[in-house]
Amino acid sequence: TVKRIGVIGTGIMGADHARLLTHAVSGACVAGVFDLDADRARGVAADSGGARVFADPYALIADDDIDAVLIASSDATHEDFVLACVAAGKPVLCEKPLAPTVEGCARIVEAETAHGGRLITVGFMRRFDPGYTDLKALLRAGEVGAPLMLHNVHRNPAAVPGLPSSALITNSAVHELDITRWLFDEEIAEVAVHTPRASGQAGGTRDPQLLILTTASGVLSDVEIFVNARYGYEVRCELVGESGTVTLDAPPPTSLRRGGLHARALPGDWRPRFAEAYRLELQDWIDGTDGGATAWDGFAATFVAQACVTALESGQRHSVGLPPVPGIYRR
Ligand code: ISE
């Protein structure tokens, strides 16, 4: 049977997810959409084979003709919508972050724990990127020996002027916080944030930043986050082990040699770079395979991000101290 999905928020990500659910994922259809901008919702509904447009997001969540809900509305609205899905007993895929605050994430974890079973998946799509999954498989197979370091680079071409310095961590580097936990299957124990002279193109934001994360077993994961890098969107990663290294490769599958240059195209944002990851993430969610990030992972990412913001503001190393994992999230 085809799962009937309700999409809340039809901006850049919601529209992209609706397109994938309609054209690239099997076993699903978009049955309902909601957006504060009704015209935008109608446009996405039309592109999704005539989905119903709801005037009220809570009516969408409660509707008998909606089997599961995808939340891609603004970050501050995630908590209320996710809690409504849990109250209705419906599976929900929520874009990152699960909620912008640690307290908000904790309330969600509490509600799901009280419900007694998992309904929530968080959209940390990199966990499905073929590069990252291969990197983890090579690590697990012992191909590079025991891990020592992970070098990450995460660059966007341009950010809105006046972006708070903390947003580099909570909105962008949060992906590397999640990938570090996922790759090494352990928690981040300590964080530090270093800032060079800020780019003159960053409009007052402390950009770039260098995060140094130390895991419980002592692996170092460093993250350069630079959101006004100008030249394009790029994510790099190299795992250093005791007997070798693994470097992430990125699409496209071709490179061009011409006029004395050897060139590879770079995308303008994350959607083309992680297109396959988004498709696989949605297919996994529709299949109910549960390979995605849990509400606990969403809580942990926001918790570590908050520790990084504290480290950024204080200039000091900061220990993380995550609370123990509730039973329903233990593997
Ligand atoms: C954006 O919000 C995302 O989630 C992208 O995956 C990330 O690469 C980008 O830096 C963020 O701004």
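1. In this predicted model, I would start with the pairing around strand S9. Valine 191 stands across from leucine 213 of S9. The strand on that side is S8 (residues 188–194), which runs antiparallel to S9 and is joined to S9 by six bridges.

2. On its other pairing, S9 meets strand S10 (residues 220–226), again in the antiparallel sense and over six bridges. One pair to look at is isoleucine 212, whose bridge partner in S10 is aspartate 222.

3. S9 and S10 form a hairpin with four residues between the strands. Glycine 218 in this hairpin has a positive phi near 100°.

4. The side chains of S9 (residues 209–215) alternate along the strand. Gln209, Leu211, Leu213 and Thr215 point to one face and are buried. Leu210, Ile212 and Thr214 point to the other face and are not buried. Leucine 213, the residue opposite valine 191, therefore belongs to the buried set, where buried means 20 or more other C-beta atoms within 10 Å. Isoleucine 212, paired with aspartate 222, is on the face that is not buried.

5. The unreviewed UniProt entry carries the annotation "domain: GFO/IDH/MocA-like oxidoreductase" for residues 133–246. In the model, this span is 23% helix and 35% strand. The C-alpha atoms at its two ends are 12 Å apart.

6. Which residues surround the ligand? They are Asn156, Asn171, Ser172, His175 and Trp270. Helix H7 (residues 167–184) supplies three residues, the largest share of this shell. By class, the shell has four polar residues, one nonpolar residue and no charged residue.

7. The domain assignment divides the chain into domain 1 (3–123) and domain 2 (127–329). The C-alpha centres of domain 1 and domain 2 are 25 Å apart. In the contact between them, domain 1 takes part with 28 residues and domain 2 with 25 residues.

8. On the side of domain 1 that touches domain 2, the elements giving two or more residues are helix H1 (12–23), helix H5 (102–115) and strand S6 (120–123). Which of them gives the most? H5 does, with seven residues. By class, this side of domain 1 has 17 nonpolar, six polar and five charged residues.

Technical notes: Residues numbered from 1 in each chain as written. Predicted model: local features only at pLDDT ≥ 70, side-chain atom pairs only at ≥ 80, totals over all residues. UniProt positions renumbered as here; feature names shortened; annotations may be inferred. Near = placed C-beta within 6 Å. Nonpolar A, V, L, I, M, F, W, Y, C, P; charged D, E, K, R; others polar. Buried ≥ 20, exposed ≤ 12 C-beta atoms within 10 Å, placed from the backbone. Pairing = 2+ DSSP bridges. Domains from an automatic or database assignment. Contact = placed C-beta atoms within 7 Å.
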